[in-house]
Amino acid sequence: MADIPKNEARTVKNSQVEMTEVVLPQYANVLGTVFGGQIMSWIDICAAVSAQRHSRCPVVTASFDSVHFIEPIKQGQVVILKGQVNAVFKSSMEVGVIVFAESPLTGERRKAVRAYCTFVALDTFGNPKGIPDLAIDGEEEKRRFLEATERRRIRLLHRKIEVKHVHKNG
Ligand SMILES: CC(C)(COP(=O)(O)OP(=O)(O)OC[C@H]1O[C@@H](n2cnc3c(N)ncnc32)[C@H](O)[C@@H]1OP(=O)(O)O)[C@@H](O)C(=O)NCCC(=O)NCCS
């Protein structure tokens, strides 16, 4: 597929993903709730598809932060993951994922997890590659974009501290 030109902005809607899973017994811990690591694996997949829908490039997970487990998800429940790109920078983009737990019998849905992940688009040599801009539409998307920009600032500060730490301590 031909590259999307950098100046051809894509909408948030273009990047939206909805995924459905069921908490089977193998995904549950001894308390009968889903393993946190299993949820993170689903979030990673949902977010990667969203990042690819935006960029139409191979992408890698650069960081995975702000994972908030709000409520436990029980065995037998339906898990709905909704992902979308919040902000696009040069080669990286932040994807927000919200996870809902749904009762299969009543249909009641509760927000269970929220996470933000950063993905980097790569060229054919595996180097970071520029991606299309994000066309922001409306107050809600603007708020998400501004919050994502602030999270990026903090994330990159942490990265700088980590790199300094590795250089100092090996
Ligand atoms: C992510 C990766 C491509 C960044 O490569 P790099 O050589 O450090 O690239 P740069 O320093 O030029 O940064 C490229 C972009 O990544 C962003 N980035 C790098 N590390 C980041 C981090 N920890 N968190 C958030 N963004 C990060 C930079 O801000 C930059 O974004 P921008 O182009 O939008 O400004 C590289 O570290 C990598 O390949 N990591 C392993 C990824 C992986 O294996 N993931 C798990 C499996 S998918």
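Which residue in strand 6 is the bridge partner of His-68? In this predicted model, the partner of His-68 is Arg-114 of strand 6. That bridge is a convenient way into the sheet, since strand 3 and strand 6 (residues 109–121) pair in the antiparallel sense over eight bridges.

The wider setting is as follows. The protein chain comes to two helices and seven strands, and from the N terminus on these elements run β-β-α-β-β-β-β-β-α. Of its 170 residues, 28% count as buried, and the C-alpha trace spans about 45 × 45 × 30 Å along its principal axes. Sequence separation adds a further view of the fold: among contacts between residues at least 6 apart in sequence, 73% join residues at least 24 apart.

Five strands form an open sheet with antiparallel pairing, in the order 2-4-5-6-3. Strand 2 (17–22) and strand 3 (59–69) stand at the edges; each has a single partner strand, so one side of each is left without a neighbour in the sheet. From one strand to the next, the twist averages 25°. Helix 1 (residues 36–55) packs on this sheet and touches strand 2, strand 3, strand 4 (78–88), strand 5 (92–102) and strand 6. The direction of helix 1 makes about 45° with that of strand 4.

Turning to the interior, the largest nonpolar core has 33 residues, of which Ile-43 and Val-97 touch the most other members. Helix 1, strand 4, strand 5 and strand 6 are the elements that give two or more residues to this core. Strand 6 supplies the largest share, eight residues. Leaving aside residues up to four places away in sequence, Ile-43 touches Leu-81, Val-97, Val-99, Ala-115 and Cys-117. Val-97 thus appears both as a contact of Ile-43 and, with Ile-43, as one of the two residues that touch the most other core members.

The ligand offers a second place to look. It is surrounded by 14 residues, and the closest are Ser-63, Phe-89, Lys-90, Ser-91 and Ser-92. Strand 3, strand 6 and helix 2 (138–169) are the elements that give two or more residues to the shell around the ligand. Strand 3 gives the most, with four residues. By class, the shell around the ligand has six nonpolar, five polar and three charged residues. Strand 3, then, is an edge strand of the sheet and also the element that gives the most to the ligand shell, while strand 6 gives two or more residues to that shell and the largest share to the nonpolar core.

Conventions
Residues are numbered from 1 along each chain as its sequence is written. This is a predicted model: local features need pLDDT of at least 70, side-chain atom pairs count only at pLDDT 80 or more; totals for chains, interfaces and linings use all residues. Two strands pair if DSSP finds at least two bridges between them. Axes are lines fitted to C-alpha atoms, for helices over the stretch in contact, and angles run from 0 to 180 degrees between N-to-C directions. Two residues are in contact if their C-beta atoms, placed from the backbone, lie within 7 Å. A residue is near a molecule or strand if its C-beta atom, placed from the backbone, lies within 6 Å of it. Ala, Val, Leu, Ile, Met, Phe, Trp, Tyr, Cys and Pro count as nonpolar, Asp, Glu, Lys and Arg as charged, and the others, Gly among them, as polar. A residue is buried if 20 or more other C-beta atoms lie within 10 Å of its own, exposed if 12 or fewer, and partly exposed in between; C-beta atoms are placed from the backbone. A nonpolar core is a set of buried Ala, Val, Leu, Ile, Met, Phe, Trp, Tyr and Cys residues joined through C-beta atoms within 7 Å.
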